[in-house]
Amino acid sequence: MEEVGEGKDFSFPREEEKVLSFWNQIDAFKTQLKRTEHLPEFIFYDGPPFATGLPHYGHILASTLKDIVTRYQTMTGHHVTRRFGWDCHGLPIETEIEKKLGITRRAQVVEMGIDKYNEECRSVVTTFVEGWEEVITRSGRWIDFKEDYKTMDLNFMESVWWVFAQLFDKNLVYKGFKVMPFSTGLKTPLSNSEAKYKCKEVSDPDAMVTFPVIGDEDNAAFVAWTTTPWNLPCNLALCVNAKFVYLKVRNKHNGRVYIVAESRLSALPANADTKKAKGGAAADSYEVLDTFDGASLVGKKYEPLFDYFSDFSSVAFRVVADNYVKDDSGTGIVHLAPAFGDDDYRVCLDNNIIEKGEGLVVAVDEDGLFTERITHFFGRYVRDAEKDVIEAVKAKGRLVKTGSFTHKNPFCYRTDTPLINRAGPAWFVRVDEQLKEQLLKNNDQTYWVPDHVKDNRFRNWLEDARDWCISRSRFWGTPLPIWISDDGEEVVVMDSVDKLEKLSGVKVFDLHRHHIDQITIPSCRGPEFGVLRRVEDVFDCWFESGSMPYAYIHYPFENKELFEKNFPGDFVAEGIDQTRGWFYHLLLLSTALFGKPAFRNLICNGIVLDENGKKMSKSEKNYPPPTEVIDEYGADSVRLYLINSPIVRAESLRFRKEGVLGVVKNVFLPWYNAYRFLVQNAKRLEIDGSGPFVPTDVATLRSSNVLDQWIYSATQSLVCFVRQEMDGYRLYNVVPYLLKFLDNLTNIYVRFNRKRLKGRTGEDDCHIALSTLYNVLLTSCKVMTPFTPFFTETLYQNLRKACEGSEESIHYCSFPEADKTRVERRIEQSVTRMMTVTDLARNIRERHKLPLKTPLKEITVVHPDAEFLDDITGKLREYVLEELNVRSLVTCNDTLKYASLKAEPDFSVLGKRLGKSMGLVAKEVREMSQQDILRFEEAGKVTIAGHTLERTDIKIVRVFKRPDGLKDTEIDANGDGDVLVLLDLRPDDSLYEAGVAREIVNRVQKLRKKSGLEPTDFVEVYIESLDVSVLQQVLSSQDQYIKDTIGSSLLPSTLMPPHAVILSYESFQNVSKLSFKISLVKFNKGAL
């Protein structure tokens, strides 16, 4: 193995760049795919992003999750094809072009020419492809960009046609004329799911308007309230609830007569003098003239507000009834404009005010402008005209009152313009009860992480699923493959390019609108029936991405066996926002086509926010660019930071750059230092003449050392755990366990074994320790490979030099198999408790301001487990004594000798459950005797005041009982509810020399570091007393400890040769009441 530098000089980003070059040099990804092509397929579907900007942290997170799972599956014996995909069609691309070209109206596209417009769209699709490839590759993800799929490719589009044709043949497709959410910014209807993507709280005008009843003896007028005054010019009817009671009332002040629901009389405006009166209400301003039920109003005619629809007078401008009218707001009378409301359309259709089909007059065009029918507002944007409409109503004397109300309004998620409801023709996929039931069954067959998203959010969406509007009246997309005759009697759906070519006689090279709109098909009924022409619409891009499992491999035209043997796919992963998007459309299409779910396993991640909890915004620049953070800290650090967060549980993450730095400091630097320590000491063996270090093979490696046994057992437990959790896609459990293992490796194994690893316990023992560390590092690197592909490769490339026959890259290695015969739970538990003992004892030292350099006489460990006490006084004893600088260790299995037990009820658990009984139960719990508590601990439950309480309901507190005659400055204790530790704090003169030796050794080590010496650099250390002291006596009595710690004896300065090369020296004053000078001298064999 080659030498490695200090951690502070190790640049993680720079090393990652070297790894990328190495991967390119050996063509690592393609080589891995080639080496695994004979293995079972693991089918991964990669959701295609829009290439309308560079990737952000959300994309990097999703890429990391996908990369981890696919790398793991490759290492566990699968062939995993990974092809990047691009969503090339639809509104995001068109929006970019319209901004670029300044297009605001649909007519401008037609004037420009669909061919020129579409080619502009095609040109921007690949604008950011290079940037995406750079960022995704730099983040460590292995995915094929060269063999990518694009939704605008001919093969992909042909498969989309096939999918549609299957649905059409199953009678799941129909053309409907419906009121749908409509984006005037995009000039197209949206699906119900798209309409829910973005809502804002806005303040809009409302209006209460009169509709005089024709022929009423009191000249009464119906009063209707509307929150969309802009569509009042399109009113065709009024709707009441047949079951409500209605009143005819006269205003006492102005004599006007209104008809409103009895329960909504209070909505009418009160007179000014009534308002002034104490307790005055609207009811006091009106005199009731008549009472009648809603049903009696049906059929009554009224005077229209405007004459724009006078040609409908014979059927319109009358009262109808429907139960959708509520009395929780308004007047109990609703104005109906059937082209702009779902219920409006349904009710008018049911009452023969309009006819089914495309004959309905829609007086607002696709740009949101009034058509010429609305003469006074022609060409005006409906929202802009709203106030003028209200003014026109007021000028006619028909305005009762106006105001504003605050509500949540859906906005276009692409153009940020408010959506309106607008009727129009569209093509739909029918989601009937039978299909819905199958969707729910198929959802139950899938496995989601976290499962609550599947069982709650997604299931609720499925239960409320509606027919899916799949057509868009746009230009850049996959055209609907429907050809219809002029009389509408003949419909032909294309399921392939071949079918279109055969029926039309035209060779087809591209399926976009400007290439096929002009293609006609002769009628099969004869030339007199003319030709069939394609409908103008294109597909909703969700139809394309939902078809991805078939279209990306050009099924069924190619890869038929591959698909049919491996469907459903094994794995998908995207953000929680895709529950209503990609996840839903994947499931819907696969269920409709094959009666199966599209995928077996799914990881759903949360959303990455800025550090203040706001959505990341390019315009606000409220987050550091991903490339900047990767260049500063490395991609592996970003990957670990993202996946070791709530975001992998579908919660939000506030991204903090400091969090990435924390991963470098707390994970990668300690890990690197453990690796460096191995390399340094392996090189030391080589320098000492043992030859290059060759680790003992893990299969034959056996050690009697407890920490060797422990770390090897912990490594096998790590492999078992990671396999179990990765097979369950629970990445959120894996990373904390991995990090804890690395912490144990660096802070327990390496730190506690420094003497052995440095060769101070003999060459054979050193080789065993180094072999153990080597094999553990190698195994843990392989386990971590899917998570940190760069760093593990860096370490592996040096580690493999010590072992012949190693794979060229760590990414060609198999995932480790656990040797369960060498998992020793007892040793793992004992070492865990040992660390608890050292932590508790250190806390006692800190409380009493006693540094570790001050030796103490005795530690007592109290625990009922005899096996643990045997371990702590046997195999682990020397580690405890050395770590805590204590001279002796005693144990005690009587938990009540040094502590009394006290029971406390857990109010947070019991409060709600016990209610009024809580006080009595709490009193009796606190009064439990020592024996009661011991019996409770053994049984795990107890009955108090008729209530059964378990371990989670009662907290057992151990209160330290100080031995008689000792003060708190002489003995102190600390416990965690499991182990109790006592430290004898009394000073002891016999410990003085050991304390001085620790202080001297500490100064030598600091001077070595200050001088830039490596642990493998051997120097002579001379010491000179600067006062009359007991220094020589200390050096003599503590010589073995000093040798074990710094690797050599301390030589008297009088033995220093006159020609010695002094590397550095330093004088120290009043260290444990001694003054001395230490010199580090270049190694000279003659001096020894």
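**Exercise 1. Determine how many helices and strands the protein has, and set its overall dimensions beside those of a compact globule.**

Solution. The secondary structure amounts to 37 helices and 38 strands, where helices (H or I, at least four residues) and strands (E, at least two) are DSSP runs numbered from the N terminus. Before going on, note that this is a predicted model, in which local features need pLDDT of at least 70 and side-chain atom pairs count only at pLDDT 80 or more, while totals for chains, interfaces and linings use all residues. Residues are numbered from 1 along each chain as its sequence is written, and side-chain values use heavy atoms, with hydrogens and water left out.

The next step is the radius of gyration, taken over C-alpha atoms, for which the globule rule is 2.2 Å times the number of residues to the power 0.38. A compact globule of 1088 residues would come out near 31 Å, but the protein has 40 Å. Along the principal axes, the C-alpha atoms fill a box of roughly 125 × 80 × 50 Å.

**Exercise 2. Describe burial, contacts, surface and charge for the protein as a whole.**

Solution. Begin with burial: 55% of the 1088 residues count as buried, a term that means under 20% relative accessible area, with exposed standing for over 50% and partly exposed for what lies in between (1.4 Å probe, protein chains only).

Then turn to contacts, meaning heavy atoms within 4.5 Å. Among those between residues at least 6 apart in sequence, 76% join residues at least 24 apart.

For the surface, the protein exposes about 47,800 Å², of which carbon and sulfur atoms supply 48%; accessible areas come from the Shrake-Rupley method with a 1.4 Å probe, and for residues only the protein chains shown count as cover.

Finally, the mean positions of the 141 positive and 158 negative charges are 4 Å apart. Lys and Arg count as positive and Asp and Glu as negative, His and the chain ends not being counted, and the place of a charge is taken as NZ of Lys, CZ of Arg, CG of Asp or CD of Glu.

**Exercise 3. Find the number of disulfides, and explain why C720 does not form one.**

Solution. The criterion is a pair of cysteine sulfur atoms within 2.5 Å, and by this rule the count comes to 0 disulfides. For C720, the closest cysteine sulfur belongs to C781 and lies 19 Å away, so it is too far for a bond. As to accessibility, C720 is partly exposed at a relative accessible area of 21%, whereas C524 is exposed at 69%.

**Exercise 4. Locate F655 and establish its surroundings.**

Solution. F655 belongs to the loop between β26 (653-654) and α23 (657-690), and at 3% relative accessibility F655 is buried. Once neighbours within four places in sequence are set aside, its contacts include Y57, V608, L609, M616, Y641 and V660. By comparison of positions along the chain, F22 is 633 residues from F655, and their C-alpha atoms are separated by 31 Å.

**Exercise 5. Identify backbone features at P450, P556, N171 and A650.**

Solution. Take the prolines to start with. The V449 to P450 peptide bond is cis, with omega near -5°, and P450 sits in the loop between β15 (447-449) and α14 (451-463). The bond from Y555 to P556 is likewise cis, with omega near 5°, and P556 is placed in the loop between α18 (548-551) and α19 (560-565).

Now consider phi. N171, in the loop between α8 (154-169) and β3 (173-183), has phi near 60°, a positive value in a residue other than glycine. A650, in the loop between α22 (635-643) and β26, has a positive phi near 70°. N171 is exposed at 55% relative accessibility, while A650 is buried at 13%.

**Exercise 6. Which residues do the helix positions T772 and A62 touch beyond their sequence neighbours?**

Solution. T772 is part of helix α27 (residues 763-784) and is buried at 4% relative accessibility. Not counting residues up to four places away, T772 touches L701, D708, I711 and Y749.

A62 is part of helix α3 (residues 57-75) and is buried at 8%. With neighbours within four places left aside, A62 is in contact with E574 and N605. The C-alpha atoms of A62 and S139, which are 77 residues apart along the chain, are separated by 11 Å.
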